[in-house]
Amino acid sequence: MIIIECPKCKHKHKIPEDKVPSTPKIARCKICGYKFPVNLNKDLSKTKRIGVCISKGGVGKTTTAVNLAAGLALGGYRVLLVDTDTQGQCSFLLGVKPAAGLAELVLEELSPEETLFRARENLYLLAGGRGLAGVKRLIDREYFGGERTLSDALSKIERDFDFVVVDTSPGWDALSVNVMFYVTEILIPVSLEIMTIQALANFLKSIISIQKYRTELEIKYVVPTFLDMRVKKKTMSMLDKLKSLYPDKLCDPIRYNNLLSQAPVYGKTIFEYAPGSKGAQDYRKLVKRIAKNPDLFN
Ligand SMILES: Nc1ncnc2c1ncn2[C@@H]1O[C@H](COP(=O)(O)OP(=O)(O)OP(=O)(O)O)[C@@H](O)[C@H]1O
Ligand SMILES: [Mg+2]
């Protein structure tokens, strides 16, 4: 038996272990009717689930998700990169062509093993792509619990990994909501332009609307991207603004570096294409912070 206490009336409910949900669910107290989130597996799973998200396009989400995942894998962690974007660009950045991916996993068309693609040592990919349109239709058809579709599918495989890094599409749709119900940590790449800072404010409102139902969802990292010191005054004022808003979440910036946009042409990560570049140095720093291991790569 597991005891779940209602946060409102404090009644202690006894639940048989085989009735305990494997993924987070909304429970309803039978005494007072209060609805509250329960996530009994929260502390059982050691896997860190990080979503790279912001509704604005072209700010470095995919570049960050791929190089962060690759850097963690190089550091010896077992990493799953999940591409939830119909553009399917994670495969392109890694120079691989998986025959199946996330859509086949969620739609249960293939076994989990058949949908995972080993992209590098320690780095597995659940590819995105146009098939995800079918996943969005599935989510829309669900009467209840459609927001947990991704969590239910990933819970079958995530235990084998130290980190799950989720790349997301620009905009806000049923799949973005599903990502918010799966990850516990959000990493927001913020390109240092005024339009992105404005988009950030709107995106935060969307996150707050989800946090009402998922208290464990946390904005953990704000990563400035496209840092360009040729426009020093403008850049510094935007960095200062981010620092005042997110003093403990703000990470060291990723500098503007042409090699980051060239590497995908060769299907290589920045660590493979230009290990000594500014791009590789900056992403290595981010990996160390997220792995909480300052000595990694030394
Ligand atoms: N620090 C950087 N310096 C130079 N170019 C970069 C940098 N980061 C990303 N790029 C390039 O900028 C473009 C947009 O980056 P990316 O695809 O990662 O953004 P995104 O947020 O995933 O876009 P979308 O919203 O379309 O998914 C790409 O061509 C990428 O190679
Ligand atoms: Mg992208």
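**Close-up 1. Helix 1 and helix 12 cross in a right-handed manner.** Welcome to a predicted model, starting with this helix pair. The residues that make the contact are N67, L68, G71 and L72 on the helix 1 side, and Y283, R284, L286, V287, I290 and A291 on the helix 12 side. Sorted by class, this contact holds seven nonpolar, two polar and one charged residues. Helix 12 spans residues 278-291, and the two helices pack at an angle of about 65° with their axes 9 Å apart. Helix 1 is therefore roughly perpendicular to helix 12.

**Close-up 2. Ligand 1 sits in a shell of 18 residues.** If you would like a few residues to look for in this view, try G57, K61, T62, T63 and S261, which come nearest to the ligand. Two elements, helix 1 (61-74) and helix 10 (258-262), each give two or more residues to this shell. What is the make-up of the shell by class? Around ligand 1 there are nine polar, seven nonpolar and two charged residues.

**Close-up 3. Seven strands build an open sheet with mixed pairing.** To find your way across the sheet, follow the strand order 7-8-6-9-5-10-11. Strand 7 (117-120) and strand 11 (218-225) are at the edges; each has a single partner strand, so one side of each lacks a neighbour in the sheet. From one strand to the next, the twist averages 25°.

**Close-up 4. Strand 10 and strand 11 run parallel, joined by seven bridges.** Here we zoom in on one pair from the sheet. Strand 10 covers residues 185-191. A handy pair to pick out is P189 and V223, with V223 of strand 11 standing opposite P189.

**Close-up 5. Helix 1 lies across the strands of the sheet.** The strands it lies across are strand 5 (48-52), strand 6 (79-83), strand 7, strand 8 (123-126), strand 9 (163-167), strand 10 and strand 11. Relative to strand 9, helix 1 runs at about 165°. Helix 1 is also one of the elements around ligand 1, and its residues N67, L68, G71 and L72 touch helix 12.

**Close-up 6. Strand 3 and strand 4 form a hairpin.** Strand 3 takes in residues 25-28 and strand 4 residues 35-38; the two run antiparallel and are joined by four bridges. Which residue is the bridge partner of R28 in strand 4? That partner is K35. Six residues lie between the two strands, and in the turn G33 has a positive phi of about 85°.

**Close-up 7. Helix 5 packs against helix 7 at an angle of about 80°.** Helix 5 consists of residues 132-141 and helix 7 of residues 174-182, and their axes are 9 Å apart. The angle makes helix 5 roughly perpendicular to helix 7. In this contact, L132, V135, K136, I139 and D140 of helix 5 meet A174, L175 and N178 of helix 7. The classes here are five nonpolar, one polar and two charged residues.

Technical notes: Residues are numbered from 1 along each chain as its sequence is written. Chains are lettered from A and ligands numbered from 1 in the order in which they are written. This is a predicted model: local features need pLDDT of at least 70, side-chain atom pairs count only at pLDDT 80 or more; totals for chains, interfaces and linings use all residues. A residue is near a molecule or strand if its C-beta atom, placed from the backbone, lies within 6 Å of it. Ala, Val, Leu, Ile, Met, Phe, Trp, Tyr, Cys and Pro count as nonpolar, Asp, Glu, Lys and Arg as charged, and the others, Gly among them, as polar. Axes are lines fitted to C-alpha atoms, for helices over the stretch in contact, and angles run from 0 to 180 degrees between N-to-C directions. Angles under 35 degrees count as roughly parallel, over 145 as roughly antiparallel, 65 to 115 as roughly perpendicular and the rest as oblique. A crossing is left-handed if the near helix is turned anticlockwise from the far one by less than a right angle, and right-handed if clockwise. Two residues are in contact if their C-beta atoms, placed from the backbone, lie within 7 Å. Two strands pair if DSSP finds at least two bridges between them.
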